[in-house]
Amino acid sequence: MNRAKLQAFGGFLTAMVIPNMGAFIAWGFITALFIPTAWIPNEGFNELVAPMVKYMLPMMLAYSGGKLVHGERGAIAGCVGTFGLIVGSEVNMFLGAMIMGPLSAWCVKQFDRLIDGKIPAGFEMVVNNFSLGIIAMILSLCSYAAIGPVIEFANEMITSMITSLVKTGFLPLLSVVNEPAKVLFLNNVIDQGVYYPLGMQQAAEAGKSIFFMVASNPGAGLGLLLA
């Protein structure tokens with residue numbers, strides 16, 4: 001049962017990321033082509049890189065995650081709730097968006113269940129719009145003041161641990177985690193939940209990242225099969 005739940009969670013993360021891959025690819029091309037150390041540096045186009053990675057991409061993840069949980073209302077709540085994280089944090093909130101987007105949508109979903117069938121006829125639009133606005137506002141304020149610092153701390157801890165391991169030169173040790181996860185079909189949880197956000201943060205700073213290749217590396221699995 002626990003494995004099934006983790007597999008479902010991995011599928012949820014994948015469903016949040018995959019629809020936005022085109023946007024990530026677009027940002028990747030802009031970064032690879034136009035940053036100062038790129039193939040054809042362009043000062044004007046380079047100005048697109050930072051806002052896209054700080055605001056646009058996390059907001060798209062939050063929208064997708066919110067929509068998966070509670071449709072359009074969840075998507076809107078996810079965006080507004082996540083914006084507090086983005087503004088209140090110094091790091092790129094990919095991981096935060098993948099948490100806050102669905103969480104915000106879940107809060108709206110619970111409220112909608114609570115008032116289902118209790119709204120007087122003719123007041124549906126007023127109640128729905130104001131309730132969404134008030135809940136989204138509260139979520140945004142909470143994410144800015146309280147949730148954001150917690151996610152930022154967790155993000156920094158994970159990044160520090162994995163980066164320290166990478167710097168030692170023992171990158172293959174990550175396969176000790178990845179390969180059993182692949183056997184259990186849990187690699188999506190690690191890939192979309194950890195390596196992708198870390199890779200996007202590193203790529204925003206350095207223009208490239210090894211984290212995109214860690215989970216997809218077939219060498220470790222081939223070695224096990226040959227052994």
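## Close-up views of a predicted model

**Figure 1. The side chains of D112 and R73 form a salt bridge, with 2.9 Å between N and O.** The model shown here and in the other views is predicted. The pair joins distant parts of the chain, with D112 in helix α5 (residues 94–115) and R73 in helix α4 (residues 49–87). The two residues are 39 residues apart. D112 has a relative accessibility of 16% and is classed as buried, because the cut-off for that class is under 20%. In total, the structure contains 2 salt bridges.

**Figure 2. A salt bridge pairs E72 with K67.** The closest N and O atoms of E72 and K67 are 3.2 Å apart. E72 is partly exposed, at 42% relative accessibility. K67 also has a relative accessible area of 42% and is likewise partly exposed. Both values lie between the limits of 20% and 50%, so neither residue is classed as buried or as exposed. By contrast, D112 in the salt bridge with R73 counts as buried.

**Figure 3. The largest pocket encloses about 280 Å³ of space.** Its lining consists of 14 residues. Nearest the centre of this pocket lie F24, W27, G28, M200 and F212. Two helices, α2 (21–34) and α8 (187–206), each contribute at least two residues to the lining. The most comes from α2, which gives 7 residues. By residue class, the lining of the largest pocket has 10 nonpolar, 3 polar and 1 charged.

**Figure 4. The second largest pocket has a volume of about 190 Å³.** The residues that line this pocket are V91, N92, N155, E156, T159, T163, L198, Q201, Q202, E205 and F211. Helices α6 (124–167) and α8 are the elements that supply two or more residues to this lining. Its residues are 3 nonpolar, 6 polar and 2 charged. Helix α8 is also among the elements that supply at least two residues to the lining of the largest pocket.

**Figure 5. Seven named side chains make up a nonpolar patch on the surface: F123, V126, F130, I134, M137, I138 and L141.** Together, the residues of the patch have about 720 Å² of accessible area. One of them, V126, is located in helix α6. V126 is partly exposed, with a relative accessible area of 44%. This value is over 30%, so V126 meets the accessibility cut-off for a patch residue.

**Figure 6. L114 is an exposed residue of helix α5.** Its relative accessibility is 56%, and the class applies because exposed means over 50%. L114 and G133 are separated by 19 residues in sequence. In space, the distance between L114 and G133 is 17 Å, C-alpha to C-alpha. D112, also in helix α5, is classed as buried.

**Figure 7. The protein as a whole has 10 helices and 0 strands.** From the N terminus on, the order of elements is α-α-α-α-α-α-α-α-α-α. A box of roughly 65 × 50 × 30 Å, taken along the principal axes, holds the C-alpha atoms. The protein has 227 residues, and 39% of them count as buried. D112 is one of the buried residues.

How values were computed. Residues numbered from 1 in each chain as written. Predicted model: local features only at pLDDT ≥ 70, side-chain atom pairs only at ≥ 80, totals over all residues. Heavy atoms only, no water. 1 Å grid on protein atoms, 1.4 Å probe; cavity = no way out; pocket = protein on both sides within 12 Å on 5 of 7 lines; lining within 4 Å. Points joined across faces, edges and corners; volume = space filled by probe spheres on them. Helix = DSSP H or I, 4+ residues; strand = E, 2+ residues; numbered from the N terminus. Nonpolar A, V, L, I, M, F, W, Y, C, P; charged D, E, K, R; others polar. Salt bridge = Lys/Arg side-chain N within 4 Å of Asp/Glu carboxyl O. Buried < 20%, exposed > 50% of the residue type's maximum accessible area, 1.4 Å probe, protein only. Patch = residues over 30% accessible without salt bridge, like charges linked within 9 Å, V, L, I, M, F, W, Y side chains within 5 Å. Areas by Shrake-Rupley, 256 points an atom, 1.4 Å probe, with all protein chains shown as cover.
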